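New notebook page today. I want to poke around one structure, starting from a single loop residue and working outwards.

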Amino acid sequence: MKFRAFLISTALTAVTISYGTLAHAADVKEVQMLHWWTSGGEAAALDVIKQAVAKQGYAWKDVPVAGGGGGAAMTTLKANVAAGNPPTASQILGYYALEYAEQGSLADISNLADKEGWDKLIPAALQKFAKTNGKWGAVPVNIHSVNWIWLNKAVMEKIGGTEPKNFDEFVALLDKAKKAGVVPLALGGQPWQEATMFDSIVASTGGTEFYKKAFVDLDEGALKSDTMKKAFDNLAKLRDYVDPNYTGRDWNLATAMVIKGDALVQVMGDWAKGEFAAAHKEAGKDFLCYRFPGTDGSVFYNSDMFAFFKVPADRQAAQLALAEVTISPEVQSAFNVIKGSVPARLDVSDAAFDICGKKGIADVKTANAKGTFFGSLAQNYAQPPAIATAYYDVVTKFMHGGIKTSDIAVTELVKSINAAK
Amino acid sequence: MTEREAATAMARRKLGPSLRGWFQDWLPRLVLAPSFLLVLVFVYGFNLWTLFLSFTSSKAFPTTNLIGFTNYLRLWNWTFETDPPSNWYTALVNMGLFGGLYIFFCLFLGLLLAILLDQKIRGEGILRPIYLYPLALSFIVTGTAWKLFLDPRIGLENALHDWGWTSFHFDWVVDPKMMIYCVAIAGIWQSSGFVMAMFLAGLRGVDGEILKAAQIDGASTYQTYRRIVIPIIRPVFFSALIVLAHMAIKSYDLVLSVTGKNPGGAAELPSTFMYSYTFTRNQMAIGSASAVIMLMTIAAIMVPYIYSETREQNR
């Protein structure tokens, strides 16, 4: 009896003490932005949006959460939303946005979207993630595509290489570099990087239709097929051209190898271009960009989006201002020139972009028209994160020797994906 | 009524219903309340919440949709998936390797250093903190330092190559098969000084008379330690074992910092498994199930310990 009384009085006292610190006021003339754009180039790009928002009369409150792929940021966001204290907006990737939309935590900015005609401006594929049940809850900021290769031009000239048009030519080119004594392929041995490269290999080996069947539709026949086995064999071929210390290397360090001329080529999404730009290298003069051999004409995208959360009515004006600014052609152009990506709306002029950016914009347009514009599995745009990570597991185990043959790899792929569904 | 309660009651009678009496009653409660509630909610409350989640089908967000033992069944199946090894299997094997090496070498090196320091040598006052000092660093600092040291591109291997020993080869930290040993090396470096301090305290507690008696009987130093001193300080072994075991099970930052975010899952431990499934892979239910299993493992070590401790006190 005494103990119970003690418990109750203790609890009551503690509640009284802790109450009052919980209350939290948010400034209505302020845009709180949660993001993980903390590297030099990324921060410079975000600054474009910051300036534009400031012009609308809103203060900018940065909520940066460091960590390349945004894993830590997503955890922070989840906690904030669960606590009923969401930021005005958050950087987010495809399927994560859908999860919040299904939870009903996203705001509805359809009025603005309808007024400006976003339905026509933004590729339908991206609308799938920004719009749920006909309501806009997020805006895409850019389109990145993953099927690029980045080459050091000086090294390319030294070894007498030319643009590889298919996978075999690519291997031949890597051979040349090996003979000349440079590291042929700069790769970071982290699961997402290996999977990002494998995305391109699958598309190159089996074609875009095969990619769609296997990774977008998750067709078991395609996942188990001989084509997929061949893709794994091709991955094993490329593994021979990577230097032995690649395990755990960050993607930007791999890019630095190409920038310095220590390595010939990196297979990476176009965010790598931001690194070249930060090192004052010029597209076409210092470095070359090609589509991954055999995937020209298709675009495997990921897109950074700003998700807008349900906030009290007095903070909605700030939200709309941010949305309006983000999608405006001027910001889209200025932001993406710095970020290395291409605009999320199709009507932006490519005048300010370098040759890689121009090609990127043109490719997105043709791919969107031809129906070869697909979400990248490695970048969480083809499948939800649970499945994408299941895919990482198999690719990375194969890459590091945990899975010995491509036969086992395809069986594992099916098993792993089914377990994650 | 115990003696103390009687005394309190008497005091109360003397003071009557005064403010002071009220304070005497309430002050301990007021002081203890916040920490008591915090522990209640954030330790035991969340333990129960995790246990509950492990029986649901939670993915990115917690749900209350109960699905029974499915998550545990999945982990159980993964436990025996060896070729290619499932993440959970890798985590368990690594736990055995890391935990075994870590505990064994910490105890071994700790005892060795303690015995050497116990020889009444000069400068013990300086040496002791030097060995103990690594404990002042967090695991993440230790891990990062060791990563830089072991990295073949910039660390030991590179340095020896520069000095002319070009055939030297040491690339464990980038070799998926050897990675876990690097984690163990860093961990052992970090903790053996602490174990040494524990042992040294134990050694100092041994009665000098016994040692003198052994000396008179003609026992060698080795015999004295082997037959007399170590058996006497046996409780220290047990305490050290408990501390090391739970540090091994909860080590997370060390793995990530030494290996550079655990590439390819080669250095997976139950703790990294739990974090990645719960927070980055959006399979919260499986992550919770693995957390519960970790809790049970720690409980399996702690409960007998607490039991034996309390029994000894009662005796």
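**Entry 1: a glycine in a loop**

I started at Gly284(A), which sits in the loop that links helix H14 (272-278) to strand E11 (287-291) of chain A. I should jot down that this is a predicted model.

Is Gly284(A) buried, exposed or partly exposed? Its relative accessibility is 25%, so I put it down as partly exposed; buried would need under 20% and exposed over 50%.

Next I looked up what it touches. Apart from neighbours within four places in sequence, Gly284(A) is in contact with Lys153(A) and Ile355(A). I also checked it against Ala125(A), 159 residues away along the chain, and found 30 Å between the two C-alpha atoms.

**Entry 2: along to E11**

From the loop I moved on to strand E11 of chain A. Five of its five residues are buried, so I call it mostly covered, given that buried means under 20% relative accessible area. In a regular strand, side chains alternate between the two faces of the sheet. I sorted E11(A) by side: Phe287(A), Cys289(A) and Arg291(A) are on one, Leu288(A) and Tyr290(A) on the other, and both faces are covered.

Which strand is joined to E11(A) by five bridges? I found E8 (residues 148-152) of chain A, running antiparallel to E11(A). Within that pairing, Leu151(A) has Leu288(A) as its bridge partner.

**Entry 3: E7 and its partners**

Strand E7 (residues 142-145) of chain A is covered on both faces as well. Asn142(A) and His144(A) are buried on one side, Ile143(A) and Ser145(A) on the other.

I looked up two pairings here. E7(A) is joined by two bridges to strand E14 (residues 342-343) of chain A, antiparallel, with Ile143(A) partnered by Val342(A). E7(A) also pairs antiparallel with strand E12 (residues 299-302) of chain A, again over two bridges, and there His144(A) stands opposite Asn302(A).

**Entry 4: a five-stranded sheet**

Then I traced an open, mixed sheet in chain A, ordered E2-E1-E3-E13-E6. Why do E2 (59-64) and E6 (138-140) of chain A each have one side without a neighbour in the sheet? They stand at the edges and each has a single partner strand, so that side stays free of a sheet neighbour. From one strand to the next, the twist averages 25°.

Inside the sheet, I checked E3 (residues 89-93) and E13 (residues 304-308) of chain A: they are antiparallel, with five bridges. Ile92(A) has Met305(A) as its bridge partner in E13(A).

Helices pack here too. H2 (residues 40-55) of chain A touches E1 (30-35), E2 and E13 of chain A, and its direction is at about 150° to that of E2(A). H4 (residues 94-103) of chain A lies across E3 and E13 of chain A, at about 125° to E3(A).

**Entry 5: Glu99 and the other chain**

Helix H4 of chain A holds Glu99(A), which is buried but has no salt bridge. Lys78(A), the nearest side chain of opposite charge, is 6.1 Å away. Beyond four places in sequence, Glu99(A) touches Pro385(A), and also Ala60(B), Phe61(B) and Asn282(B).

That took me to the contact between the chains. It uses 40 residues from chain A and 35 residues from chain B. Together the chains bury about 3300 Å², 59% of it on carbon and sulfur atoms. I noted two salt bridges between them. Glu81(B) forms a salt bridge with Lys415(A), where the closest N and O atoms are 3.6 Å apart.

Terms used. Residues are numbered from 1 along each chain as its sequence is written. Chains are lettered from A and ligands numbered from 1 in the order in which they are written. This is a predicted model: local features need pLDDT of at least 70, side-chain atom pairs count only at pLDDT 80 or more; totals for chains, interfaces and linings use all residues. Side-chain values use heavy atoms; hydrogens and water are left out. Two strands pair if DSSP finds at least two bridges between them. Helices (H or I, at least four residues) and strands (E, at least two) are DSSP runs, numbered from the N terminus. Axes are lines fitted to C-alpha atoms, for helices over the stretch in contact, and angles run from 0 to 180 degrees between N-to-C directions. Contact means heavy atoms within 4.5 Å. Buried means under 20% relative accessible area, exposed over 50%, partly exposed in between (1.4 Å probe, protein chains only). Lys and Arg count as positive and Asp and Glu as negative; His and the chain ends are not counted. A salt bridge is a side-chain nitrogen of Lys or Arg within 4 Å of a carboxyl oxygen of Asp or Glu. Buried area is the accessible area (1.4 Å probe) that two parts lose on being put together, summed over both.
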